[in-house]
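Trainee: I am new to this structure and would like a close look at a single part of it, the surface where protein meets DNA. Could you take me through that part slowly, and then show me how the rest fits around it?

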Number of protein chains: 2
Amino acid sequence: MDILKPTESELEILQILWQNGPSSVRFVNEELTKQREVGYTTTLKLMQIMFDKKLLSRTEEGRYHLYKAEIEEEATQINLLEKFVDATFRGSAMKLVMQALGNHDSSKEELEEIKKLIESKMQK
Amino acid sequence: MDILKPTESELEILQILWQNGPSSVRFVNEELTKQREVGYTTTLKLMQIMFDKKLLSRTEEGRYHLYKAEIEEEATQINLLEKFVDATFRGSAMKLVMQALGNHDSSKEELEEIKKLIESKMQK
DNA sequence: TTTCGATTACGAAAATTTTCGTAGTAAAAT
DNA sequence: ATTTTACTACGAAAATTTTCGTAATCGAAA
């Protein structure tokens, strides 16, 4: 049911697949290892579990499997964001936005973009 | 060490303490129960664990304990936000902000506030 | 003072998530 | 054809988080 609430490790794997497209376990594991030590079979097992949960699909390519994310990045982000706002900011998206803007540097272009979005929302 | 990364259940308890100030286990449990069924001893045990971890402090008030959050709401939010942005938006706070603004309704006043913050940041 | 009721202490079980060892398999290299 | 290499499958262990039953404690009520 909670297909849209992947665990932290699952999310790490999804990120790699979203960024690189369908990949082998080997590749995913190598990407993960750039951040921290992870055993190959650990990654394999996780991806098999995710396959069972239908978070991933896979195709046989010769003698190995190519795994593909079966949930969309943006839909997942929206879903996780919703839960995060509730749990951490008691549902106040505004508080989160203020906090995020306050604590992260951003370029003029990015700020301009956000400003435009706000202005368009204020029209309504 | 991960004092600023409370678990989900711990965060629920912290929210209640942040909102209501120092409280008894009974009170916290009643608040939790408003959202979902939780046994009294479950809440008690969690708060005792949090006490051991120094997430909470407590004082004896007659025959019961008054528990108090020992970590600050805002510091915790900032910390969790940081991790969330990394895990879910690959570190792009802007993407998160756009997503949050796009998917949550907000009042003119709130939007105005954000706009002001952005304009002040654009000055620099 | 005794009983009752509410609370805390403690330990263990259950559930979830993460890790990894071992064995089996098949293609590639020798 | 045999060996080596690189995978996958499987199951179980470890670690973490959550839940709760039972016993002990202590103040309040009778």
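Mentor: Let us begin with a term: a polar contact is a pair of N or O atoms within 3.5 Å. With that cut-off in hand, and remembering that this is a predicted model, look at A:Lys45, where an N or O atom of the side chain is 3.0 Å from a base nitrogen of DNA strand D.

Around this contact, DNA strand D is surrounded by 20 residues, and the closest of them are A:Arg26, A:Tyr40, A:Gln48, B:Thr7 and B:Thr42. Sugar or phosphate accounts for 61% of the atoms of DNA strand D within 4 Å of the protein, while the rest belong to bases. Two contacts to phosphate oxygens of this strand can be followed in the model: a backbone N or O atom of A:His65 lies 3.1 Å from one, and a polar side-chain atom of B:Thr42 lies 3.4 Å from one. If you trace the surface back to its elements, at least two residues each come from helix H2 (25–35), helix H3 (40–52) and strand S2 (64–69) of chain A, and from helix H3 (40–52) of chain B. H3(A) supplies the largest share, five residues.

Turn now to DNA strand C, which has 19 residues around it, with A:Thr7, B:Arg26, B:Tyr40, B:Gln48 and B:His65 coming nearest. Of the atoms of DNA strand C that come within 4 Å of the protein, 64% are from sugar and phosphate. Here a polar side-chain atom of B:Tyr40 lies 2.4 Å from a phosphate oxygen, and a polar side-chain atom of B:Gln48 lies 3.0 Å from a phosphate oxygen. A base is reached as well, since an N or O atom in the side chain of B:Arg63 is 3.5 Å from a base nitrogen of DNA strand C. H3 of chain A supplies at least two residues of this surface, as do helix H2 (25–35), H3 and strand S2 (64–69) of chain B, and the largest share, five residues, belongs to H3(B).

How, then, are chain A and chain B related? A turn of 180 degrees with a shift of 0.0 Å along the axis lays chain A on chain B with an RMSD of 0.1 Å, which is the relation of a two-fold axis. The C-alpha of A:Val97 is the one in chain A nearest that axis, at 2.8 Å. Both copies use the same surface, for 100% of the contact residues of chain A recur in chain B.

Helix H6 (residues 108–123) of chain A is worth following next; its 16 residues reach 23 Å from first C-alpha to last, close to the expected 22 Å. Its buried residues are A:Leu111, A:Ile114, A:Lys115, A:Ile118, A:Lys121 and A:Met122, and because they cover an arc of only 125 degrees around the axis, they are on the same side of H6(A). They pack against helix H5 (93–103) of chain A, and against helix H5 (93–103) and helix H6 (108–123) of chain B. On the face turned away from this buried side are the exposed residues A:Glu109, A:Lys116 and A:Gln123.

Finally, in the loop between H3 and strand S1 (56–61) of chain A you will find A:Lys54, whose phi is near 70 degrees, a positive value in a residue other than glycine. A:Lys54 is exposed, with a relative accessible area of 59%.

Definitions and conventions. Residues numbered from 1 in each chain as written. Chains lettered and ligands numbered in written order. Predicted model: local features only at pLDDT ≥ 70, side-chain atom pairs only at ≥ 80, totals over all residues. Heavy atoms only, no water. Helix = DSSP H or I, 4+ residues; strand = E, 2+ residues; numbered from the N terminus. Expected span 1.5 Å × (residues − 1). Buried < 20%, exposed > 50% of the residue type's maximum accessible area, 1.4 Å probe, protein only. Arc of directions from axis to C-beta. Contact = heavy atoms within 4.5 Å. Least-squares fit on C-alpha atoms with pLDDT ≥ 70 in both. Near = heavy atom within 4 Å. Polar contact = N/O pair within 3.5 Å; in protein donor to acceptor, adjacent residues only side chain to side chain.
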